[in-house]
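Reader: I have a structure to go through with you. Can we start with the salt bridges and work outward?

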Amino acid sequence: MNRTPDQIPEQLNPRLPGGFNLPPFGIHQFLALIIVCVSLWALGVMWLAMQAAGQWVGSWQQDIHLHVYLDSSKSEQAQKLSASLSAIPHVESVRKISADEAAIWMRSWLENVGLEQKELAHRLPVSFELTLLKGQSEFIFSDIREVAERFGAQVNEDEINLAQAHQWLSQLSYFAGVASLMLALAMALIISNTLRMTLLARADEIHLMRLLGAREWFVRMPFILEGILLGAGAGVLAWLLLWPLVWTTSDWFTALQVDLSTWGLLLPLLFGGGLVGGLGSVIATARVVSSQSTS
Amino acid sequence: MVCSYRCRMAHDQPLIHMQRVMLRYPTGKMALSGVTLDIFQGQFIYLVGESGAGKSSLLRMLYGGLRPSSGILNVQNTDMRAASEVRVRELRRRTGIIFQDHKLLNSRTVFENVALPLRVQGWKTKRLIPRVRKVLTYVGLADRLWSYPEALSGGEQQRVAIARAMTANPPVILADEPTGNLDIDTARRVLDYLMALNRQGTTVIMATHDLHLLESHPGRVVQLHAGSLAVGDL
């Protein structure tokens, strides 16, 4: 039904393109939101896993010591062994643990079972405590083993395993960073392609706006805003979807003495999503060239 | 004589000044060759000539869609060969353009189509509503504000295009065969609107094949032939 001028309301809200007016939200945008949300969720899970692993290892990674044991029958070699261990690069210090200290520790570890401290001190091997420098070299553990074997001593292999786990975790966090970067790039391309489709669908409108003298920011702003909102929206959605995972695994993490901070991921996912969306939209709009551009 | 010419130029600067303008497309085809022409404020210009004579190319140069290959082209104090993109955009905001194929946005209402130039110029919605309504009332389409262009006849679509071109009240309107696909009566009515705008001081430059319109709507005729100016003023 056509309206007469008298029927035209004074206050109306026409859908005018350009500037800060967002383009309509369609199926392409919805699909991009879902795909980016899934990617950000995977990223969030990875970050939570790194956080959990960091906390789990963190209880001992700050103070890593290795112990080397020399049979008490070879105690005359102790001084040479200590000097050789100290000479290994990346070994910060070597401390000889006195027999009494070792016996006290052993008694407490064995929960004061009926063992005499003197007897324990007599039976226990000569112990050395090695403190390692941060940023250990690749071959430090084999160097320590080699020196210990030369003097007929033994290294506490469990401690070495833990120290190596710490190294692996550091490498894993590096790979997590690379994976995050690659996922971010993939998400930016997904958003970029979605916006590209929208741009192609609205090519006539963009072309006409340029013919009418629209500034470039005026033409591109709606798409950049849409990209940022898509990314940020997907980030918030991904963050919300992390909660069921955290709740279902909470008992397991409590047993490992890990306390995950899901709230801490809200801002990284929100702003990270927005940043990735902005990047995608800038990529998409950078390629929009009108046949009637001024140059 | 020299002094009087200079004095005239100083006080009566042409709105559009062309001197030996040449346009060659990247393909090598020469679209315009040595066109020298002055157009003054308030004139109604008919650009006539056979298909391929260079009418549309000339119009496109006047809004910066094409840049001259050589010569001097000055439009509204803008040197079109050297103008930056910013200057060209400013010029386009001061120019109303009516395209042969209308270039109406079919996904937008008549109101939104006509409001677009104002929107591009940064008008707030509240401010542009009365202006758009006034312009559409002027072209007799006040009752089609909420229609979509596809629902309109060819003549109505052309009137929407005219309304869009005049809505920002530009000093120049460029019209590329606005009556090309219309019957004689509708074409005359469309021309009536353009003539009325011209009487209000707007310079109108219109490319056309319809020479019979000159009888009822006289104006200055610029004839192009194979990219060159054939006849200055008829």
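Reader: How many salt bridges does the rule find across the interface of chain B and chain A?

Author: Two salt bridges cross the interface of chain B and chain A. Keep in mind that this is a predicted model.

Reader: Which side chain does B:Arg89 meet in a salt bridge?

Author: That of A:Glu216, with an N to O distance of 3.9 Å. The cut-off for a salt bridge is 4 Å, so this pair counts.

Reader: Which elements of chain B give two or more residues to the side that touches chain A?

Author: Helix H3 (85–93), helix H4 (110–120) and helix H5 (125–138) of chain B. H4(B) has the largest share, with seven residues.

Reader: And by class, what is on that side of chain B?

Author: The side of chain B that touches chain A has 16 nonpolar, 15 charged and five polar residues.

Reader: What about polar contacts, how many residue pairs?

Author: Four residue pairs are in polar contact across the interface of chain B and chain A, both residues of each being at pLDDT 80 or more.

Reader: How many residues are in contact overall?

Author: On chain B 36 residues are in contact with chain A, where 35 residues take part. The area buried between the two chains is about 3300 Å², and carbon and sulfur atoms give 55% of that.

Reader: Which residues in chain B lose the most area to chain A?

Author: B:Arg108, B:Arg119 and B:Trp146, which together account for 20% of what that side buries.

Reader: Changing topic. How many cavities of 30 Å³ or more turn up in the whole structure?

Author: One. About 90 Å³ of space lies in that cavity.

Reader: What lines the cavity?

Author: The lining includes A:Leu212 from chain A, and from chain B residues such as B:Arg92, B:Ile97, B:Pro117 and B:Arg164. H3, strand E6 (95–98) and helix H6 (154–166) of chain B each give two or more residues to the lining. E6(B) gives the most, with three residues.

Reader: How do the lining residues divide by class?

Author: Six are nonpolar, three polar and three charged.

Reader: Back to salt bridges. How many does the structure hold over all chains?

Author: Twelve. One of them joins A:Glu129 to A:Arg95, where the closest N and O atoms are 3.6 Å apart.

Reader: Where do A:Glu129 and A:Arg95 sit in chain A?

Author: A:Glu129 is in strand E3 (residues 126–132) and A:Arg95 is in strand E2 (residues 91–97), so the pair links distant parts of the chain, 34 residues apart.

Notes
Residues are numbered from 1 along each chain as its sequence is written. Chains are lettered from A and ligands numbered from 1 in the order in which they are written. This is a predicted model: local features need pLDDT of at least 70, side-chain atom pairs count only at pLDDT 80 or more; totals for chains, interfaces and linings use all residues. Side-chain values use heavy atoms; hydrogens and water are left out. Contact means heavy atoms within 4.5 Å. Buried area is the accessible area (1.4 Å probe) that two parts lose on being put together, summed over both. A polar contact is a pair of N or O atoms within 3.5 Å; within protein, one must be able to donate a hydrogen and the other to accept it, and residues adjacent in sequence count only if both atoms are side-chain atoms. Helices (H or I, at least four residues) and strands (E, at least two) are DSSP runs, numbered from the N terminus. Ala, Val, Leu, Ile, Met, Phe, Trp, Tyr, Cys and Pro count as nonpolar, Asp, Glu, Lys and Arg as charged, and the others, Gly among them, as polar. On a 1 Å grid over the protein atoms alone, a cavity is a set of points where a 1.4 Å probe fits but cannot get out, and a pocket is an open set with protein on both sides within 12 Å along at least five of seven lines; lining residues have an atom within 4 Å of a point. Grid points are joined across faces, edges and corners, and a volume is the space filled by probe spheres set on the points.
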